[in-house]
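The following paragraphs offer a guided reading of one protein chain, moving from the whole to selected parts. The reader is invited to keep the model in view throughout.

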Amino acid sequence: MNLSVPKIVLLLFTLTMIGVASGISEGNNENPNETTILDMNESETQQAVEPLIQALGNDNIDSREEARFALEEMGEEAVDPLIEVIDSENPEIRCETALALGNIGGQKAEKAIIKLLQDEDPKVRSSAALALGNARSQRAEKKLIQALSDEDEGVRSNSAWALGEIEKAGSSSEEDDWEGTLFSGGVENEKIVEALCLSLEDNNSEVRSSAAEALGKLGGKKAEESLIQALSDEDRKVRRNAVEALGKIGSKKATDPLIKALNDEDRETRKKAIVALGELREEKATEALIQALSDEDKEVRCTAIVELGEIGDQRAEKALINALSDGDPEVRSLVVEALGKVGEEEAIGALVQQLKDPDKKVRNMTVKTLVETGDRNTKPIVQALKDKNNDVKRYAGDILVGIGKPAVEPLIEALSDNDAYTSSTAAWALGKIGDERAIEPLIQNLSAENEETRLSCARALVEIGEPAVPDLRKSLENQNKTVRKYIVFSLIEIGDERAVPELAELFKEKTEKTDTSTEFEEIKNNEKRDQLLLKAVKEKDANFRNEVSKTFEETGKQETTPLINALEADPQNIKKYEEICGIDPKDEKAQEKLLNALKNKDSYMRVSSIFALGGIGDKNSVDPLIEVLVKDLNETKASAAFSLGEIESEKAVESLSSALKTDKYDNVKECCAISLGKIGDQRAVEPLIMALNDNNSVKSCAALALGEIGNPRAVEPLIQMLSNGDPEVRRSAALALGAIGDQKAVKSLTVALQDGNENVRIASVWALGNIGDATAVDVLNGAAADGNETFRCTALEALGKMNNPKAIGTLKKALKDDNSRIRVSAITALGKMKDEKATETLVRALGDNNKEVRDCASKILVDRKEEAVEPLIRDLSNENKNIRESSAFLLIEIGDERAIEPLTNYLKANTRAQPEIQENKT
């Protein structure tokens, strides 16, 4: 006999409660050091049986149950004492005795229980029936069938239940050696089913419910037919059990009745019908479950979703995808999980979109599901790296890493994507996965156009580690300086000493010119300008055009202005409008034809030609456009006014000013004001100031134009506009005052920081930063700590423009903000401050957990060059890995010779750590 400690303690507690443990307690108290309740021997246990049996009749139900539990724990040793009290006058003792014997089991116990099935007390008979079910007593089947006719519904109900439990247990292996046949009760299964089917017609719903449950365990054609009829029972519990029973039997004949049950008024019945249909795996069942996805009850929909996922029928894919729009997040979460089991390519694409779900739990389930199933088709996940939603892009990268090796090939392909985020994230993911197939493609993409991609590839090679070293070394022989820079960085981080001589060589080459810079130098020397102009303007690569444009700007020569304008123009808009007019952009007479189109009878043709002429920017178009401005329709005049501003000819100032004063149409006047601002002629100041008395839309445009021209005469009128009733006018006035930069506006703009309109407050903050008056620093410090995201970002960047040491504390504090956009603005502001503390703070920002923040800090530190070298050298030993890696790369990028020795030492430190690193990777 084994008594567990909890049961013995419980036993003692029970005996103490009912006051029958005094003998044991006294015995223990005589010599407490000799024995305890935990050390009870068999004799002492026997002594405890009698008080426990007495406790079975206690008035307190909890005490009765605790005593019964203790007796059941004793097992066979408690059987005889329990049998002795089956004739007790106390019906509670007889009930508890029946239940205890049923849970202990065995022949002797079963005989005693069957005797109690004839007890005069219905409660005792009911307990006996329940006990026989617990005992799985096949010998009692005949008596239990007889009990189905008992006058008490409790007895009938428990007897029906017990018959189901006995069948569930199967045949007994114990030989039937009972004397005589009085209690022998083995019965054929068909007779039991027949009896239970009759019980389905009982006038008591509990009896019918128990009979339905039992029939589900017995099965058979007769049971099935009766259960199908029971689906129409007036009692919902009966219908529930009938549905569940039919599901257990699993007969195809029940499919249609179960589908009908999906319309039952009872929610639980519908849920059980869904589960039963799921068990059948019938074609019709799947279609019915798809219909259940639109059930008004959330729990029913959830059950249908789970079953459809388990069935795995692809016909459910579209229906489940539609269910992703369900209003309840729990439903959507289950749909995501089901689609992971059912869906193919279309489902993967839908799940990717679900990464935008407003509920975090749904998003997390989507990530988990895509990681588990995304290897079926990784392309939609790679495409998600281009999504406009930043969260989706971030999730996609994590999912691809989670998918692992099956994602390698699509990620390698994505390395060449034109989208910088896609290519750089693909590199990052490949580094995290660590598959050696990625080594060569990563090295090839060290020459990618995008710097972010190049650096991500270099860091990915570091993640792959030692296996990448041979290919990296080999690539050193035939790569240009830019690529070698990234290879050297990777070798340093991996800890390969081959980087040492290459590092010195790189720094030695710092002053040498690349082929591109030589070509640009020829531009500065006024050689081959015409040839390069033609090449640059025709070049499709916008990055190349911008690079050439910057080179010309650096020369500061007036004659390069047309080239700069040509390089910075967006040819797509011109082409679009020319195509509308039916003109070939390559036609030498394109402009002449566009001028002729100004007289076309269709206004849309005239408007298209006007915009095309504005895009071309030829001053020969000015007079014809002025004529349109004076004579044509409203929309055409507005287009002409706008295009005159695009051409920026001073010849148009007078006509635009006149139209601003006299034209009847607001949109014409608005475009006139905008164009006068672009042209920037001082003659337009007075007409624009007068336009501040026009309606609000014209006022806004006039205010912005005055800001572009920058004449101080406009300050006072614009200050007055800060009190205008229209928030858009106030915003435009604030922006204009900031653009003019007159300190007289500071006080009024400070007041405008309390404006009720958010956009006005943001414009005022920007304006104060642009003016740069030191008296506004404290106000801006306060603004940077309060308000919405855009307001705070604008205030932080405004502080940077002021370059005031009093702002550094605010900027440092902002670098600890949870919002990454706030931190980026703080970095941007620090980048404009020429202060040693600002530089050190920027180096610390290289350890930020957000890539955008780190990249922003990196670019600024490279621009600072020599000033950043010492802080970066110091942080080569920083505990933060991001700071160490970024510091090493930036020192290579800057190329200052002071960094050679520290970088060599840093490499040697990595070499010493390499065995440990490799062990961790393994």
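Accessible areas are obtained here by the Shrake-Rupley method with a 1.4 Å probe. On that basis, the chain exposes about 44400 Å², and carbon and sulfur atoms supply 44% of this area. It should be noted at the outset that the model is predicted.

The chain contains 57 helices and zero strands. Of its 922 residues, 52% are buried, where buried means under 20% relative accessible area. Among the contacts in the chain with a separation of 6 or more, 65% are accounted for by residues 24 or more positions apart.

Two helices may serve to illustrate how residues are buried. Helix 17 spans residues 283-292. Its buried residues are Ala285, Thr286, Ala288, Leu289, Ile290 and Ala292. The cover over these buried residues includes helix 15 (255-261) and helix 16 (267-280), together with helix 18 (298-311) and helix 19 (317-323).

Helix 39, formed by residues 622-631, has Val622, Leu625, Ile626, Val628 and Leu629 as its buried residues. These cover an arc of only 155° around the axis, and therefore they lie on the same side of helix 39. Which exposed residues does the face of helix 39 turned away from its buried side carry? That face bears Val630 and Lys631. As for the buried residues of helix 39, what covers them includes helix 38 (603-616), helix 40 (634-647), helix 41 (653-662) and helix 42 (666-679).

How values were computed: Residues are numbered from 1 along each chain as its sequence is written. This is a predicted model: local features need pLDDT of at least 70, side-chain atom pairs count only at pLDDT 80 or more; totals for chains, interfaces and linings use all residues. Side-chain values use heavy atoms; hydrogens and water are left out. Buried means under 20% relative accessible area, exposed over 50%, partly exposed in between (1.4 Å probe, protein chains only). Helices (H or I, at least four residues) and strands (E, at least two) are DSSP runs, numbered from the N terminus. The arc is that of the directions from the helix axis to the C-beta atoms. Contact means heavy atoms within 4.5 Å.
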